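User: Hey, can you walk me through this one? I'm new to reading structures.
Analyst: Sure, take a look and ask away.
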Amino acid sequence: MQYNHQEIEKNWQKYWAENQTFKAENNSEKPKYYVLDMFPYPSGAGLHVGHPLGYIASDIYARYKRHKGFNVLHPQGYDSFGLPAEQYAIQTGQHPAKTTEENITTYRRQLDQIGFSFDWSREVRTSNPEYYKWTQWIFIQLFNSWYNKDTDKAEDISTLEKVFKKEGNQNVNAVCDEDVKSFSADEWNAFSKTEQEEILLQYRLTFLSDTEVNWCPALGTVLANDEIVNGVSERGGHPVVRKKMTQWSMRISAYAQRLLDGLETIDWPQPLKDSQTNWIGRSQGAMVTFKVDNGSIKESSAIKLSYKELEALKELRQNSTKAETTLWNQLKNKKGASKFRRKYTIGAFLVDYVCVSKNLIVEFAAKEDEAARTAYFYNEGFNVIRFTNEEVLKNVEKVVSEINFAIQFPKVSVKDTAKKEVEKNENQYKIDVFTTRPDTIYGVSFMTLAPEHELVSKITTDAQKAEVEAYIEATAKRSERDRMADVKTISGAFTGAYAIHPFSGEKIQIWIGDYVLAGYGTGAVMAVPCGDQRDYDFAKHFNIPIPNIFEGVDISEAAHTDKEGTKIANSDFLSGLKYKKALKLAIFEMEKRGFGYGKINYRLRDAVFSRQRYWGEPFPVYYKDGMPQMIDAEHLPIVLPEVEKYLPTEDGKPPLGNATEWAWDSRAKKVVSNDKLKNKTVYPLELNTMPGWAGSSWYFNRYMDSNNEGEFASKESLDYWQNVDLYIGGSEHATGHLLYARFWQKFLFDKGIVPVDEFAKKLINQGMILGTSAFVYLVKPEIYADLRNRNNDGGINVITKKVFISSNKYETLKGDSKDLAQEIKKEIIEKYFPIQEDYVKIDIDVYKIHADISFVNNSEELDTVAFSNWFPEFKNAKFITEEDGTFKVSREVEKMSKSKYNVVNPDTICDEYGADALRLFEMFLGPLEQAKPWKTSGISGVYSFLKKLWKLYVSEDGVIVSEEKATKDELKVLHKTIKKVQEDIENFSFNTSVSTFMIAVNELTTLKCNKKEVLEPLLILLSPYAPHITEELWSKIGNNESISTAAFPIFDEKHLIESSKNYPISFNGKMRFTLELSLDLSKEEIEKIVLENEKTQEQLQGRTPKKIIIVPGKIVNIVG
RNA sequence: GCUCAAGUGGCGGAAUUGGUAGACGCGCUGGAUUCAAAAUCCAGUUCUUUCGGGAGUGUGGGUUCGAUUCCCACCUUGAGUACCA
């Protein structure tokens, strides 16, 4: 009987499915163990061999734990909402649900053939209404909660309302929006319902706000920070711009500290913890308030535009109407005193054209705020004339002559600045800064504000106005990306204003500079040039003094950024103190004097939760008087409506704006047609959908009780399974899924819904399996023909001809140089590109192009026939081969991808070698966490191992396993294997256990062992790795039950005890020979035997050893 | 720039309380079997050598009787992150 993997694997997969072998119960005598894989997004391309790596590892562990007597939960499902299905729908009109269903069918078939021990009865799909019902439910819970900093947990919003009613919000210590105004109980009670709702929204854990979002025009949606890589979208690499939109957000910042603290309690990979720590970005320091010097606030016509407004205007500038362009073409040529500028800002207004020297504004008529503009412009001393689009388009000459007339005969004679009303603020301006080094406050020699800082316009003096304005505009023109890319250039401008140092009372200059970011901290810094390199560079560049406040430190070349071990000097009460003490004292003094306090700052921003997409969870939200209302949980799920088109609507609404049945009837409690919106009790529903991470942030809890229709999951099941014991998945989710899931888990824990506040105890990141791409070299001549004799099409034929050169041949010809030698080029041209005409110059370029790996055999030889038929343009390709006539490709390791033609499909592997071989091979490739290249040729090793294993049990005549007693050597092999395999599995070192199995089988084959006493336990050891063949052999040697719950063999030390040891005998640490010695010998005895040995004498050549080191059972080292 | 991880044969990789470097597998070479091939089996395979040996785990130092393993400096590669005050 031969090993027939196809038949065996099919049979056992059928058996497991029919017998529900891996179905887990929610209660058991056995201890529980929960093994989880990150569930896949079912993409249209199906699985390649890289995908199952993590699933195989977790499956081995799950099966091992079953053998070890655990009640194992090992579920699988699909993260089935997502962009690719939606984009496919946009292109083809195919409903995403349909594509998703089809893809899942493929995935399921591919997963099943690998023989995973999943409990499919618990499958979840995030796009199923029965599932997302509970995603919506969690959203409602978040909406109905606020974060109480005093109790350090989320609480029901009703507790907050009670406090407001009783005492207003002065004493509430909550995580909330920054601009919450304070109110008393009376004020609260006097607020209208809408006003109250607006205020509560500022406290809720999910809230609506106008946020600057990352808008991706190409995808038509908003992206989270972690969905952007290097300024472009992670998916598709489209540009991303900042845009203001009303969006749902999640107050994840409330959990910043707990997310950080929780990392200490979980066994996750350090790099992953590091990146979460980094993402949360905690920094401890102080908030300090600097007053702006009164004298420096002059009467000033402020720059009225903030940076953000400038940005918005800039965008407008790019879209000119036809009339605007027509008129500009006429005006732009005016020179000198009548020069016009286009789209220029006057105060807070963007005017179409302005002639600054003549105080004349030219605008298109019918702007909304015309009256206000006119008033302002006159006040500022400008004359305004307006034209309609029609006038310009009809007769632009007439318009221009009117403008010329206005320039010559201005209506308002002089710009009268004296009239201007200037608000005099009595020292109102304060600048708050966050610093991690309050101990260096005496080193402050200037302050820097972000150009976007709101105070900039208010404090800039007249003298500096032009410079500051120019700088702001220059910064505005640079994109976020440019600013980040260019960190070397130092730029900034002095505002002319001064701040007062809170301790010393000295006047310090206030600058603006783009190295200060508006989005972090307060958008302002106190600059300590001696202690911060950026401040130092800035000070050097602009010649600002750099006071030294460190004792005995040279700062002539660079800032001194070390804090430990340095004493502070020249700092009044801080002088002579070291970092830690100075820090504490500085904060203490600030708090005492009332201009600062200790503070912890986090980089973590609240997470935007709205997506302008179709294929996601709809919000259980409708709008009444503009305020969001939750739909009662009993009416969930709110099912995704059908739409005609999956694109955003023409007026820019999200795709759900296309739905005709998308209104909430608050009386009938159901979704109704939009026609009914005119009714009083019918309201519009939310048009956004939830982001991809919504469904994946809690699915691990759903598996515990996935078919429960009445609850998120029953309390009993949650209490029983608690959390995931082992979670396996890719590291790319470090700051996305894994952070959000931890956040939701903590929230659910606060609300008493789940019993633990970390969802996964241990996490392993499996490494990527890379593809081995094949390349062929395309020879491309560049021939410069003599044009005088050239006929028309000769040259073109030559160029389109495809000639490939074999890899080794190319390398040889090339030699050490970068290019082919001139004479070789000439030879190739003459042989492969014969042309009639004379050429004046030739050159050859060699290009590397991907070849599909299916055309290449194990010896790197290309099937040139198959390759020629691959694409029509290769039809008549010529191949410059090696001397032996073969054509070789070159290889390179890259990410597995369709576009690189290096994808290996597990289907073909399972077909040819079987799932057991695939499983073993994927584990054998290398350590689980490590990235490693796939080479199909290597699989023959594990395949012949399986055949060898088979032969131990079955010969041509049938089963050969005997009941005979095993020999000592045979038992030794077995127990050695038990020990190693058990250790390896527990250390997740699956690659080494595969080699242990190979060694065991090789040794047992040599021993010709066929004893059941050894061979039966061996099957259990191997069954987590190769479940099909072991089930088959298990039943062949007389077992009726599945092997999956057989008890793991117990290691017995006694079989490994040795009586002697083959000692390595080293001289000066280098091993020269070995000597078999009894382990009973004492040190002295060993020394005597070794020294007497003739080989030792030979090594010593008469010298006397200085020292002899003997470690019994280990080594002998002779020095001298 | 910063942080982290890693550098071992032709290739994937093994070996850490410091104790025989290269397990296991691929590939390659030779042989057996076969009409032949596949499959299978046997032997060899770090480099070098004058066949005695000698060198060798990215490079240079150090600690040690002994270092792939520990320490210092540097180089290279990969990952993450980036003006975070």
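Analyst: One term to start: a polar contact is a pair of N or O atoms within 3.5 Å. This is a predicted model, where local features need pLDDT of at least 70 and side-chain atom pairs count only at pLDDT 80 or more. Residues are numbered from 1 along each chain, and side-chain values use heavy atoms, without hydrogens and water.

User: OK, how far is Arg534 from RNA strand B?
Analyst: A polar side-chain atom of Arg534 lies 2.4 Å from a sugar or linking oxygen of the strand.

User: And which part of RNA strand B does Asn991 sit by?
Analyst: A phosphate oxygen, 3.0 Å from a polar side-chain atom of Asn991. For Arg603, a side-chain N or O atom is 3.5 Å from a phosphate oxygen of RNA strand B.

User: How many residues surround RNA strand B?
Analyst: 49, with Thr436 and Tyr520 among the closest; a residue counts as near if one of its heavy atoms lies within 4 Å.

User: Which helix gives the largest share of that surface?
Analyst: H33, residues 990–1006, with 6 residues. Helices here are DSSP runs (H or I, at least four residues), numbered from the N terminus.

User: New topic: at what angle do H30 and H31 pack?
Analyst: About 125°, with their axes 9 Å apart; axes are lines fitted to C-alpha atoms over the stretch in contact, and angles run from 0 to 180 degrees between N-to-C directions.

User: Which residues make the contact?
Analyst: Phe921 and Phe924 of H30 are among them, as are Tyr943 and Phe945 of H31. Contact means heavy atoms within 4.5 Å.

Note on methods. Chains lettered and ligands numbered in written order. Polar contact = N/O pair within 3.5 Å; in protein donor to acceptor, adjacent residues only side chain to side chain. Helix = DSSP H or I, 4+ residues; strand = E, 2+ residues; numbered from the N terminus.
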